[in-house]
Amino acid sequence: MLVIATSDKGGTGRSVTSCNVAYRRALQGSDVCYLDFDFGSPTSGAIFSIDPVSRGTEGGGLHSYLQGKIAEPQRIDVWRQTDRETLRSRPPGAGRLVLLPGDQGGGEFSMTKDILQRCTKLFVRLLEEFDLCVVDLSAGRSYAAELVLAATAQQELRGVPHRWLVFHRWTRQHVIAASGLVYGRRGLIEAGAERGHDSQVLADSIRFVRTAVVNPDSEELAGLRPTQVVWLLDCNKDLQELARQHQLGRTMVLATIPLDPVLQMREQLISDRDVWASQIANAATVAAFDQLARRIADDAAWDEL
Amino acid sequence: MPSPARSDAGGDGAGILIGEVHTGLLLNSASLRQDMLPAVLGLLPGERVRSFERPISHAVSPELLVGVDCDLSTASGTRVRGIGTLAVRAAITGGRVLQGSAWTRLMGGHAEHRLPWSHYLARPGVVETVGRRRNHPYHADLADGFLDRTNNRKAPGIDFGAICGQIMGEVQRSPYLDRRSPFKAARTTLRWVAEESPERRIGFILGDDGSRTTRITFDGQPISAVIELCEDLALHDWLLSTLLDVIDRGMPSDGPHETMMRRIRPAVDHLIHLWMPGARVVESLLPLWESLDTKPGFTRQWDTLVNRIRDQLALRTLTLLSASAEGVPGRNEQGIRS
Amino acid sequence: MTSAHVTFGEVAAERRISNIPLSHVSVELGHLYMDDFEAGRDALRRQFERVRPWAETVTQINEGRVRRPRISTCFLIDDYFTRFSTPSVVIGDLLAASEAAGLRIDYIARESGCAVADGVPLAELVHARLVPDPPPGTNGSRPPPHESGWLSNGERSPSGGVDEAMGQVAAWLPPRENAARHHSIFLDVEMWTDEGDRRIWSCPYLAAVWQLLRLGLLRDDGRPVAVPVPAPDPLPDDWDDLPAIIQMVPSAPPFAAYTTMSVLSSRFLPVEHAVRVILGQVSISAAVLEQTVRRGADENLEIPRDILKRIGYAIPGEI
């Protein structure tokens with residue numbers, strides 16, 4: 001299955017969440033690969049704490065592959081290559097976790113027929129070996145999004161499930177922007193239909209992920225003044241209404257990721273150890289990642305929404 | 001029947017054969033039916049897909065050629081330029097396992113410089129080295145250089161991996177496949193060298209990341225027989241590796257029954273009946289297979305794994321039966337733990 | 001335990017390659033386009049008269065080489081790029097003109113037959129067998145760069161421009177012939193263009209298929225293709241009703257041959273260069289190649305495996 005992560009605006013925590021979801025899914029026993037399609041800024045290596053590729057690889061990454069300079073893009077086994085000792089070595093029962101980084105110094109490039117063909121080939125190639133391929137796009141209407149929309153509409157990928165996760169922060173500006181990216185002019189659905197997708201099928205394969213959400217009832221906010229809490233609750237209600245108007249209502253939401261200081265300070269994989277032993281991350285965050293990882297591939301979760 | 005790699009070229013006898021076999025899972029929900037094989041493997045219009053039904057369904061695409069002109073890998077780091085063609089084909093076994101197999105024969109060429117391309121196309125499946133060289137140390141240098149994947153001094157050489165990957169990709173993207181395989185499996189790659197020698201030898205090295213190397217000798221057998229032996233070896237090594245992986249992950253002893261079944265079932269349904277070592281190997285090369293089967297003992301390991309799976313399944317079934325006999329209300333399979 | 005000798009075979013597993021009869025030389029006496037036809041019968045006769053000494057020379061040379069040379073002659077009519085007149089009129093004129101010039105035409109082929117012959121898409125079969133001439137440095141890592149519909153004998157000049165946002169601008173480089181010794185003769189051949197759903201094969205491309213037919217090197221699943229049939233009597237009115245190759249002389253030696261010789265006016269020189277660039281990149285089935293070489297050996301002839309060495313020309317100017 002292909003899962004494509006996108007957002008309209010930057011700073012939604014899209015990459016760090018999708019990396020964590022990939023990690024969780026691997027822990028749950030699936031073979032997972034993560035493709036860094038953020039071509040303008042290929043830095044997912046940093047989230048997986050793989051220092052040599054923190055700004056992309058020098059060994060032939062996705063940029064080189066898609067432009068036809070190499071036969072296959074470099075693959076990095078995260079379990080083996082990560083610098084974080086607590087993550088190294090694959091836990092029993094866990095699946096493979098592989099990163100396909102972009103090129104160091106790589107930039108955006110426009111889509112050609114050849115690039116589209118190579119992208120399709122790559123997806124077919126990875127589907128042979130992986131249960132889940134997470135494709136992390138850059139923010140907004142990008143060439144990468146166009147490329148993946150076109151590739152998933154190709155004959156070769158018709159029968160393969162692909163699901164879109166649109167990330168947005170829980171703010172007015174982000175809600176409106178995310179809605180625009182999906183439903184707006186030259187948005188995912190319109191652009192997808194032009195490239196051969198069935199609009200309804202495509203719309204059914206899109207869900208939203210709210211990130212950095214402040215829960216006004218949470219313990220962390222216990223120190224707030226009652227007026228602040230009332231104000232937060234009002235805002236939240238307004239946002240719910242706004243989201244509903246923009247077709248981002250609760251039924252369209254696959255997961256809500258709470259605000260977590262660890263993710264704010266440093267974008268990284270959050271291990272169970274970070275929660276239980278060193279207690280630097282919140283259990284609620286890990287629970288949200290874990291749940292998102294399960295729901296991504298759970299047909300029932302998508303049907304019932 | 002002449003094999004495509006047969007050639008009149010070369011000033012140094014038979015040369016050496018080098019090749020690579022990549023093995024993976026065919027991207028289809030069901031095992032591919034025998035009558036679909038010609039459509040899926042018909043990669044060269046006008047040429048027949050050869051198919052076999054006994055003792056196991058097996059089909060081979062026509063051989064395609066790929067042109068190269070590059071420095072070959074040598075163990076010593078000496079520069080040797082090779083020009084010519086590789087033969088490459090795809091094969092499907094049991095309607096389930098896909099292989100990409102590429103090979104060429106390295107031979108000393110006559111010329112000090114590159115000849116017109118038609119000269120090389122007249123010797124399909126032969127790569128000629130440029131410039132005259134003496135026979136033996138030179139062959140060993142090329143063979144060692146090819147098999148050693150870690151030597152940084154050497155030229156990258158011919159990219160067999162890309163060539164095998166290309167043809168496998170072409171099959172996997174066939175409109176006749178639905179690309180919904182019941183499980184996922186990593187590919188393995190077998191890199192091989194074969195030299196003509198009256199002395200019977202075979203070596204097999206298991207590397208990281210699914211990479212294997214083998215070195216064999218043959219004595220008068222046609223090249224096609226040597227290639228088939230290597231493909232058969234690669235197929236069984238992949239079956240074993242894949243089953244090991246399935247068991248590694250599917251049999252943590254405390255997992256829920258349903259999870260275990262989800263992981264083990266595909267192996268039972270799709271892989272176990274494919275084990276048939278030497279099925280297509282010519283008799284005179286069978287002793288090579290047999291010696292590998294003695295040490296490290298492929299079949300022994302396979303049998304052990306299969307028995308383990310059967311035992312587990314039998315055990316789980318028994319547990320299930322006894323649970324249902326107790327008639328616990330509201331309990332389903334998922335809730336039962338061993 | 002006694003062992004039995006067992007034989008077991010599967011039909012679907014075998015590769016059978018038909019043998020086809022072969023002459024020593026196939027001589028092409030000419031190639032007819034609409035303009036040539038419209039120039040009239042006299043012009044045709046004069047053309048054959050110019051060809052005759054070359055055709056006779058081929059016979060002389062071969063009589064010196066083998067005891068009883070089998071030499072067949074053939075003629076190609078364009079019905080692919082332009083359609084003119086009818087088979088009975090054109091072929092009638094041709095036979096009359098050649099006879100007047102003292103030449104015998106054994107086989108007549110139509111150019112459309114090089115694209116599709118009796119339902120077999122020859123041009124496509126050959127296209128699938130192209131193995132592009134690899135520029136130095138090619139190690140198989142990526143498929144050779146190709147321009148759809150074009151085939152060259154070397155490396156093209158880079159197209160320039162920038163691949164990536166803020167990437168480097170590529171500098172101009174000359175094209176280079178792969179087999180160049182000191183200097184290049186680079187040639188880029190257009191093999192086809194697509195017009196809507198229809199693929200139009202180029203003249204040199206079809207001429208390359210024509211050479212392969214004359215060399216007897218094409219098969220479809222092991223079966224011979226474009227097998228010559230006796231000329232129907234009367235000849236049909238529509239070109240499409242005419243078989244790809246018809247045999248005019250019942251006792252003629254076989255159409256296909258170990259070698260070919262074409263007598264062509266010098267205006268065809270660039271076309272034939274292009275034909276050789278294409279043929280130099282066609283991989284002939286190893287089994288067919290082997291078969292031809294073996295049959296030559298049976299007749300004490302050494303047939304080169306390199307097919308370009310089997311293709312010869314006489315190219316007089318247009319006097």
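Helices and strands here are DSSP runs, numbered from the N terminus. With that naming, Pro296(B) can be placed in the loop between α7 (286–294) and α8 (298–326) of chain B. The model is a predicted one. This report starts with the backbone, then turns to helix packing, salt bridges and chain contacts.

**Backbone details**

Pro296(B) sits at a cis peptide bond. The bond runs from Lys295(B) to Pro296(B), and omega is near 15°. Chain C has a cis bond as well. There, Asp233(C) and Pro234(C) are joined, with omega about 0°. Pro234(C) is in a loop too, between β12 (229–230) and β13 (245–247) of chain C.

Chain A offers another backbone detail. Gln247(A) is not a glycine, yet its phi is positive, near 60°. Look for Gln247(A) in the loop between α10 (226–245) and β8 (253–258) of chain A.

**A helix residue and its partners in chain A**

Now find Arg118(A). Helix α5 (residues 113–129) of chain A holds this residue. Which residues does Arg118(A) touch, not counting those up to four places away in sequence? The list is Tyr65(A), Leu66(A), Gln67(A) and Gly68(A). Take Tyr65(A) from that list. Along the chain, Tyr65(A) and Arg118(A) are 53 residues apart, but 7.7 Å separates their C-alpha atoms.

**Two helices packing in chain C**

Move to chain C and pick out two helices. They are α6 (residues 203–214) and α7 (residues 269–279), both of chain C. Their axes lie 8 Å apart, and the packing angle is about 65°. The crossing of α6(C) and α7(C) is right-handed.

Which residues meet there? From α6(C) come Cys203(C), Pro204(C), Tyr205(C), Ala207(C), Ala208(C), Gln211(C) and Leu212(C). From α7(C) come Val271(C), Glu272(C), Ala274(C), Val275(C), Ile278(C) and Leu279(C). Sort the residues of this contact by type and you get 11 nonpolar, one polar and one charged.

**Salt bridges**

Side chains of opposite charge can pair when their charged atoms come close. How many salt bridges does the structure hold over all chains? The count is 51. One of them lies inside chain B. Arg89(B) pairs with Glu63(B), and their closest N and O atoms are 3.2 Å apart. Arg89(B) belongs to strand β5 (residues 81–93) of chain B, while Glu63(B) is in the loop between β3 (58–60) and β4 of chain B, so the salt bridge ties together parts that are 26 residues apart in sequence.

Another salt bridge joins two chains. The side chains of Glu47(B) and Arg129(C) meet at 2.8 Å, N to O.

**How chain C meets its partners**

Chain C touches chain A and chain B. The table sets out the two interfaces.

| Interface | Residues in contact | Buried area | Salt bridges | Residue pairs in polar contact |
|---|---|---|---|---|
| Chain A and chain C | 11 residues of chain A, five residues of chain C | about 600 Å² | zero salt bridges | one residue pair |
| Chain B and chain C | 40 residues of chain B, 42 residues of chain C | about 3400 Å² | three salt bridges | 13 residue pairs |

Start with chain A and chain C. Of the area they bury between them, 40% is on carbon and sulfur atoms. Gln67(A), Lys69(A) and Glu108(A) supply 43% of the area that chain A buries against chain C, more than any other three residues. Gln67(A) is also among the residues that Arg118(A) touches. The side of chain A that touches chain C has three nonpolar, six polar and two charged residues.

Next comes chain B with chain C. Here 53% of the buried area is on carbon and sulfur atoms. Arg48(B), Arg114(B) and Trp117(B) lose the most area to chain C in chain B, together 17% of what that side buries. The salt bridge of Glu47(B) and Arg129(C) connects these two chains.

Which elements give two or more residues to the side of chain B that touches chain C? They are β2 (50–52), β4 (64–71), α2 (117–121) and α4 (160–172) of chain B. The largest share, six residues, comes from β4(B). By type, this side of chain B has 20 nonpolar, eight polar and 12 charged residues.

Note on methods. Residues are numbered from 1 along each chain as its sequence is written. Chains are lettered from A and ligands numbered from 1 in the order in which they are written. This is a predicted model: local features need pLDDT of at least 70, side-chain atom pairs count only at pLDDT 80 or more; totals for chains, interfaces and linings use all residues. Side-chain values use heavy atoms; hydrogens and water are left out. Contact means heavy atoms within 4.5 Å. Buried area is the accessible area (1.4 Å probe) that two parts lose on being put together, summed over both. A salt bridge is a side-chain nitrogen of Lys or Arg within 4 Å of a carboxyl oxygen of Asp or Glu. A polar contact is a pair of N or O atoms within 3.5 Å; within protein, one must be able to donate a hydrogen and the other to accept it, and residues adjacent in sequence count only if both atoms are side-chain atoms. Ala, Val, Leu, Ile, Met, Phe, Trp, Tyr, Cys and Pro count as nonpolar, Asp, Glu, Lys and Arg as charged, and the others, Gly among them, as polar. Axes are lines fitted to C-alpha atoms, for helices over the stretch in contact, and angles run from 0 to 180 degrees between N-to-C directions. Helices (H or I, at least four residues) and strands (E, at least two) are DSSP runs, numbered from the N terminus. A crossing is left-handed if the near helix is turned anticlockwise from the far one by less than a right angle, and right-handed if clockwise.
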